[in-house]
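User: I would like to go through the ligand site and one sheet of this model, setting each value against the definition behind it.

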Amino acid sequence: ATISETWDVEYIMWAPDCQQRVMIGINGRFPGPNITARAGDVINVTVNNKMHTEGVVIHWHGIRQFGTPWADGTASISQCAINPGETFVYSFVADKPGTYFYHGHFGMQRAAGLYGSLIIEDSPEHPEPFRHQYDGGELPMLLLSDWWHQNVYAQAAGLDSKDRHFQWIGEPQTILINGRGQFECTLGPARWNFEKAIDKNIQTCVDNQGSCKDEERCLRRSECGPYCPKSQCAAVVLDVRRGKTYRLRIASTTSLSALNVKIQGHKMTVVEADGNHVEPFVVDDIDIYSGESYSVLLKADQRATAYWISVGVRGRHPKTLPALAILNYTDAPPSSFRWPTEPPVTPAWDDIKRSKNFTYRIKARSDTNEPPPPAADRQIVLLNTQNLMNGHYKWSINNVSLSLPTTPYLGAFRHGLQHSAFDTSGEPPATFPEDYNVMMPPVNNATTVSSRVFMLKHGIVVDVVLQNANMLKEQVSETHPWHLHGHDFWVLGYGDGRYDPLKHAAALNTVDPPLRNTAVVFPHGWTVLRFIANNTGAWAFHCHIEPHLHMGMGVIFIEGEDKIRELDVPKEAVACGLVARTAAVPLTPATPKAPSPAP
Ligand SMILES: O=C1O[C@H]([C@@H](O)CO)C(O)=C1O
């Protein structure tokens with residue numbers, strides 16, 4: 001089947017946390033439309049850029065884009081930003097079942113609200129082994145994000161400013177669940193919604209479109225600031241029936257925050273991560289980093305009443321209240337209703353040991369496991385450091401901070417213009433000095449910026465060692481979730497301190513490592529990944545923290561250079577910069593070739 005959507009991307013006034021701001025919406029709403037497809041379907045999304053003053057692209061996070069690298073939606077990498085007033089059609093195959101989302105990938109547009117959920121259901125050709133284990137069906141997916149009152153243009157300007165004018169974005173004002181949160185208000189609006197959930201006689205003040213029907217009544221009911229006029233911030237309610245088991249999809253598109261999801265009185269069985277099956281394991285709560293997704297099985301096996309779902313910040317000193325949603329047993333007799341006491345408390349933000357325990361437990365599912373190739377053809381070591389360049393804060397990889405060219409890499413390689421489009425003086429470094437101490441601030445904190453790329457021969461097996469380090473300040477190192485475009489990778493292992501192949505290589509897991517598209521590197525630690533470079537294209541690999549990518553925390557892989565020259569890249573994907581001015585070969589017509597299935 002073919003799923004077709006037409007989207008107008010535009011600035012909208014919206015109140016995601018009960019306070020109205022300008023956001024980037026799709027078809028007049030935030031978050032954008034939910035897309036549901038079946039594995040093997042073709043998804044066509046026509047994007048009209050209705051913003052007057054900036055370009056836009058949409059990235060389909062977790063979709064590998066085999067044969068359609070120009071549809072990956074990364075500005076300056078896989079395509080030109082769609083100009084104001086212009087249209088671009090994304091057409092790609094929903095290659096495998098799983099929990100995904102989409103988001104803007106130009107500037108900091110994701111943090112401005114440009115995102116939505118993308119669910120790919122299984123099919124006879126791509127069955128999910130746990131599909132018969134949830135007799136209650138699926139609950140609405142929870143897409144988690146964080147929200148700032150300062151707009152992203154101010155955030156970017158602050159990050160770009162020099163010396164003492166540098167402004168870090170700080171902690172978010174509000175955590176959002178499906179684009180809804182309650183600023184500085186833990187229980188008010190959530191509690192109102194809670195009453196509504198357990199007593200269907202209390203009429204909602206919100207119509208199906210999310211606008212206000214009865215402003216006055218809702219204002220009276222609100223316990224925490226003006227609520228109903230901003231009914232866009234009403235808490236999410238998940239309805240269940242006692243005795244049934246449900247599938248709950250959870251994904252995080254946060255700009256910064258690592259989160260933890262805890263459902264009062266209930267355990268969860270983790271079965272899927274980033275569209276891959278994991279060996280089922282039972283938890284009280286789950287950690288989720290930006291860029292990750294999970295499916296959990298949830299059995300409604302408690303007393304029939306209503307329960308809180310808390311989403312709290314981990315990994316950074318929180319200044320943000322946990323977000324709340326409600327798990328509501330619809331078969332609760334009114335007489336059995338009891339206010340849940342307090343929402344459950346998510347684990348301490350700095351209990352890194354607990355975070356590691358959770359992450360280390362994730363393994364490939366034993367009955368569908370496809371282990372990685374036993375060895376790699378190439379190893380790339382990526383040291384992550386915070387640096388200063390002429391007074392500007394940067395994040396660097398082996399002392400090189402990524403700066404994107406104006407001509408997208410894919411277009412430059414397709415048309416043989418790479419030597420004029422960006423720095424082809426060689427690859428960026430694939431290692432760092434022996435004597436670098438990852439436990440200490442950099443001795444020399446200067447860095448360089450560059451648009452250089454790693455060139456990967458088609459089909460080779462690549463190992464990446466992500467090496468974390470101390471920041472500019474002593475005794476501080478942060479967690480970074482790294483996301484790879486165009487691929488899943490096997491996560492072979494994690495460890496503390498500096499990765500030493502002599503000591504650690506033998507202990508890497510090549511038996512049942514999980515396949516993922518996002519993996520964290522813990523403070524002062526390392527993570528080793530393996531992937532097969534079998535997808536011709538230009539792919540970003542970067543920290544999924546929006547301000548960190550903005551500050552240069554990423555690298556580019558060019559795969560199958562000669563095969564890129566043969567790709568039928570649609571003209572409108574890359575007709576900007578040098579390609580528009582000097583394309584040496586004729587641009588192919590605007591009709592994209594039908595996307596090909598995964599190899
Ligand atoms: O890039 C970052 O900058 C700040 C801080 O190091 C400087 O204010 C922070 O926490 C980051 O992750």
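**Ligand contacts and a sheet**

Analyst: An oxygen atom of the ligand is 2.7 Å from an N or O atom in the side chain of His548. This is a predicted model, in which local features need pLDDT of at least 70 and side-chain atom pairs pLDDT 80 or more, while totals for chains, interfaces and linings use all residues. Residues are numbered from 1 along each chain as its sequence is written, and side-chain values use heavy atoms, with hydrogens and water left out.

User: What makes the pair of His548 and the ligand a polar contact?

Analyst: A polar contact is a pair of N or O atoms within 3.5 Å, and the value for His548 is 2.7 Å, so the pair qualifies. Polar side-chain atoms of Arg316, at 2.8 Å from a ligand oxygen, and of Gln386, at 2.9 Å from a ligand oxygen, can be set against that cut-off too. Taken alone the ligand exposes 310 Å², of which the protein buries 78% (accessible areas by the Shrake-Rupley method with a 1.4 Å probe).

User: Why are S9 and S10 called paired strands?

Analyst: Two strands pair if DSSP finds at least two bridges between them; strand S9 (residues 142–147) and S10 have 4 bridges in the antiparallel sense, so they count as paired. One bridge links Trp147 to its partner Thr174 in S10. Strands here are DSSP runs (E, at least two residues), numbered from the N terminus.

User: Which order do the strands of the open sheet have?

Analyst: The open sheet of 6 strands runs S10-S9-S12-S17-S14-S15, with mixed pairing. Its edge strands are S10 (174–177) and S15 (276–283), each of which pairs on one side only.

Notes:
Polar contact = N/O pair within 3.5 Å; in protein donor to acceptor, adjacent residues only side chain to side chain.
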